[in-house]
Amino acid sequence: LVTGTYQMGQRTGVWAKFMQPGDAKLLTSYPFSKLRAPFTSTVEFEANDMNGVWIIADRDNRVACQIQLSHGVRHGTFTLFHPNGQIYMQAEYSQGVLNGMSFEKNTEG
């Protein structure tokens with residue numbers, strides 16, 4: 001199920017998509033595998049491009065993933081969170097390319 005608004009045939013404003021683990025391979029991997037489905041993916045569209053912060057959260061509103069986008073391309077910080085809310089992995093992107101610091105923590109932090 002997807003909700004959102006079209007303006008002149010283009011996606012605009014906030015869109016939400018509700019997903020189960022079988023809908024995307026990513027949702028079967030850690031940390032998603034330790035969270036509760038269904039997952040809600042929310043992102044803002046501008047002129048049919050994802051623009052801003054894309055967030056994926058579980059049914060308890062625990063944020064699992066946060067990705068900064070600019071005109072549909074990763075640009076800024078990509079973060080995955082442990083189920084307890086602490087950062088699991090973080091990487092920096094510039095125009096869709098990894099650029100800058102990146103780190104990953106184990107399940108104990």
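**Figure 1. Asn-61 sits in the loop between strand E5 (52-57) and strand E6 (63-70).** This close-up comes from a predicted model, as do the other views here. Asn-61 is not a glycine, and still its phi is positive, at about 65°. Is Asn-61 buried or exposed? With a relative accessible area of 65%, Asn-61 is exposed, because the cut-off for that word is over 50%. To see what makes the phi value worth a look, keep a simple rule in mind: most residues other than glycine have a negative phi.

**Figure 2. Asn-48 is another asparagine with a positive phi, this time near 75°.** Look for Asn-48 in the loop between E3 and strand E4 (49-50). Asn-48 is not a glycine either. How does its surface exposure come out? The relative accessibility of Asn-48 is 30%, so this residue counts as partly exposed. That label covers values between the buried limit of 20% and the exposed limit of 50%.

**Figure 3. The loop between E2 and strand E3 (39-46) holds Pro-31, and Pro-38 is found there too.** Which peptide bond leading into Pro-31 is cis? The bond from Tyr-30 to Pro-31 is, with omega near 10°. Further along, the bond from Ala-37 to Pro-38 is also cis, and its omega is near 5°. As background for reading these two angles, most peptide bonds are trans.

**Figure 4. His-82 is tucked into the loop between E7 and E8 as a buried residue.** Its relative accessibility is 4%, so His-82 counts as buried; the limit for that label is under 20%. Which residues does His-82 touch, leaving aside those up to four places away in sequence? The list is Tyr-30, Ile-87, Tyr-88, Lys-105, Asn-106 and Thr-107. One of these partners, Tyr-30, is also the residue that begins the cis peptide bond to Pro-31.

**Figure 5. Strands E1 and E2 form a hairpin with 2 residues between them.** Strand E1 covers residues 2-7 and strand E2 covers residues 10-19. The two run antiparallel and are joined by 5 bridges. For one pair to find on your screen, look at Thr-5, which stands opposite Thr-12 in E2. At the turn, Met-8 takes a positive phi near 55°. While you follow the strands, remember that in a regular strand the side chains alternate between the two faces of the sheet.

**Figure 6. Lys-17 lies in strand E2 and is partly exposed.** Its relative accessibility is 40%, so Lys-17 falls into the partly exposed group. Beyond residues up to four places away in sequence, Lys-17 touches Leu-1, Val-2, Phe-39, Thr-40 and Ser-41. How many Å separate the C-alpha atoms of Lys-17 and Asn-99? The separation is 29 Å, for two residues that are 82 residues apart along the chain.

**Figure 7. Strands E7, E8 and E9 are linked by antiparallel pairing, E7 with E8 and E8 with E9.** Strand E7 (residues 73-81) pairs with strand E8 (residues 87-94) over 6 bridges. Within this pair, Thr-79 stands opposite Gln-90 in E8. The hairpin of E7 and E8 has 5 residues between the strands, and there Gly-85 takes a positive phi near 95°. Strand E8 is then joined to strand E9 (residues 97-104) by 5 bridges. Here Ala-91 has Ser-102 in E9 as its bridge partner. The hairpin of E8 and E9 has 2 residues between the strands, and Gln-95 takes a positive phi near 50°.

**Figure 8. Stepping back, the whole chain has 9 strands and 0 helices.** From start to end the pattern reads β-β-β-β-β-β-β-β-β. The radius of gyration is 14 Å, close to the 13 Å that the globule rule gives for 109 residues, so the chain is as compact as a globular protein of that length. Along its principal axes, the C-alpha trace spans about 50 × 30 × 20 Å. Buried residues make up 27% of the 109 residues. Of the contacts with a separation of 6 or more, 23% are between residues 24 or more positions apart. The accessible surface comes to about 6700 Å², and 50% of that belongs to carbon and sulfur atoms. As for charge, there are 9 positive and 9 negative side chains, with the centres of the two sets 8 Å apart.

Conventions:
Residues numbered from 1 in each chain as written. Predicted model: local features only at pLDDT ≥ 70, side-chain atom pairs only at ≥ 80, totals over all residues. Heavy atoms only, no water. Helix = DSSP H or I, 4+ residues; strand = E, 2+ residues; numbered from the N terminus. Rg over C-alpha atoms; globule rule 2.2 N^0.38 Å. Buried < 20%, exposed > 50% of the residue type's maximum accessible area, 1.4 Å probe, protein only. Contact = heavy atoms within 4.5 Å. Areas by Shrake-Rupley, 256 points an atom, 1.4 Å probe, with all protein chains shown as cover. Lys, Arg positive; Asp, Glu negative; His and termini not counted. Charge placed at Lys NZ, Arg CZ, Asp CG, Glu CD. Pairing = 2+ DSSP bridges.
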